[in-house]
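Open the model in your viewer and show side chains as sticks. This tour goes through aromatic rings and the charges that sit over them.

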Amino acid sequence: MGYIRLEKDSDGIVELIFDQPGKTVNTMGMEYDEAMRAAVTELQGMVAQGGVTGIYVRSGKPGQFFAGGDIKEMLEMDLNPSEEKKAEMYQGIMATKAPLRTLETLGVPVAVGINGPSLGGGFEISMACHYRVAVKGVQVGLPEAMIGLMPGAGGVVRMTYMVGMQEAIGLISQGKRLTTEKAQAKGLIDELVDSEEELAAKAKAWIKANPEAKQPWDSEGYKMPGGGPTDEANQGLTFFGPSNVMVQTKNLMPAQNAIFACVVDCARVDFDTAQKIEGRYFLHLLLNQVSRNMMTAFFVQMEALNKGASRPSGVEKTSVKKLGILGAGQMGAGIATVAAQKGIEVVLKDISLANAEKGKAYAENFYNKRIEKKRLTEEVKNECLARIKATEDYADMADCDLVIEAVFEDRKIKAAVTKDTEAVLKADGVFASNTSALPITELAAASVRPENFIGMHFFSPAEKMPLV
């Protein structure tokens, strides 16, 4: 098997190693399906013969565990299949789930070593193992909802059975990516290590110490954390939840609706029936045009953009080390806030120094809130604030690489600040207008170098909306 290797050590522990040929990361597609079925069938035979004390699942790629499903492969599926073809597609989904169910019920302990990002299908594999050891700081989770999809290899079922309905709905519908530290706090990771080299030792030690290990849902007396849909504690969730989801998404995102319904339905039945329910919801999304559009836009096209698909050829990348901002209102202050976080020096100008200082205070308030949420340290906040210079003087814009104008939507005001800024701005400096309504070509008429005049519109609030 080219994709998966099985290697048995002297203690009887079999290492199941993912190492997809020709790829920098492992993905869950047809190549995986074929290899995983063959590997698990071979493992069944080895366990039946005796001498296997456990299974250690890992990646053969340094720093990379498993990237998830092959989205491009999914998009090649027929959008309007016949009923016969649809039944065939459903059976294919169930066939992908089957080896993971077999793996967790082989009768020997199964541990996984997570050495890099374990997202989507990768984390579904991880949850099918009895014990999860991970390197600190690595990201794990089920982010499929962010591209219009949902987990389809048992992720919804196992997450629900592992942490309960309420937690599962939040994590899956929001597509949350967690650091391994946060995942451990939620009960999704069992043990953390400092380096990749420690994974095997910790995982194998656990296997030796737990020869009778089973999944919680396969153990006698299992009860779902937080109770099921009929429990009083969950009545508000099951009654108001669907309408809340539709309000939050304006009923335009089918994945969130499907995920909520799937979690509740799965919580009503036994584990194996729940697997079938998840398969039907997953197929529904695969055949949904809106979901397909989101998968194309937020995965395929975004991946291409991140690789530079929209860059003109023969043009070197520009590095902005110093940024000027005209207007210290919410928009200008928001741009300054995020620019300073990225290590860029910022000159924040307004009509008066007092107004400019208010803009800097806006940034400080944002940083303080992040400190309260433990997403920022006091030291980093001070470093960011030190990068922001509040001013009322155009002369401070002289050595800026880029100046962003974020003043009132008034042609005369914009023309005036353009003229005054260009009077001091260096020859190769770029002037950008954040306008959302006025034509850039018309605004550039006030410029003495319109070839360096551009539109650069940030979405508001700029410090929270990652869109420009």
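**Aromatic pairs and charges over rings**

In this predicted model, a search of the whole structure gives 14 aromatic pairs.

Select Phe18 and Phe66. Their ring centres are 5.3 Å apart and the planes meet at 80°, so this pair is edge-to-face. Now colour by secondary structure: Phe18 belongs to strand β2 (residues 13-18), while Phe66 is in the loop between β4 (54-59) and β5 (68-69), so the contact ties together parts 48 residues apart in sequence. Phe18 and Phe66 are both buried.

Move next to Tyr161 and Tyr222. This aromatic pair is stacked, with 5.7 Å from centre to centre and 5° between the planes. Helix α5 (residues 155-163) carries Tyr161, and Tyr222 lies in the loop between α8 (199-209) and α9 (235-249), so the pair ties together parts that are 61 residues apart in sequence. Are the two rings' residues buried or exposed? Tyr161 has 6% relative accessibility and counts as buried; Tyr222, with a relative accessible area of 24%, is partly exposed.

Return to Phe18 and add Tyr3, Tyr32, Phe65 and Phe66 to the selection. Ring pairs link these residues and Phe18 into a cluster.

Two stops remain, each with a charge and a ring. Select Arg280 and Tyr90: the charged end of Arg280 sits over the Tyr90 ring, 4.2 Å from the ring centre. Then select Lys349 and Tyr394, where the charged end of Lys349 sits over the ring of Tyr394, 4.2 Å from its centre.

Conventions: Residues are numbered from 1 along each chain as its sequence is written. This is a predicted model: local features need pLDDT of at least 70, side-chain atom pairs count only at pLDDT 80 or more; totals for chains, interfaces and linings use all residues. Side-chain values use heavy atoms; hydrogens and water are left out. Rings of Phe, Tyr and Trp (its six-membered ring) pair if their centres lie within 6.5 Å; planes under 30 degrees apart count as stacked, over 60 as edge-to-face and the rest as tilted. Helices (H or I, at least four residues) and strands (E, at least two) are DSSP runs, numbered from the N terminus. Buried means under 20% relative accessible area, exposed over 50%, partly exposed in between (1.4 Å probe, protein chains only). A charge sits over a ring if NZ of Lys or CZ of Arg is within 6 Å of the ring centre and within 35 degrees of the ring normal.
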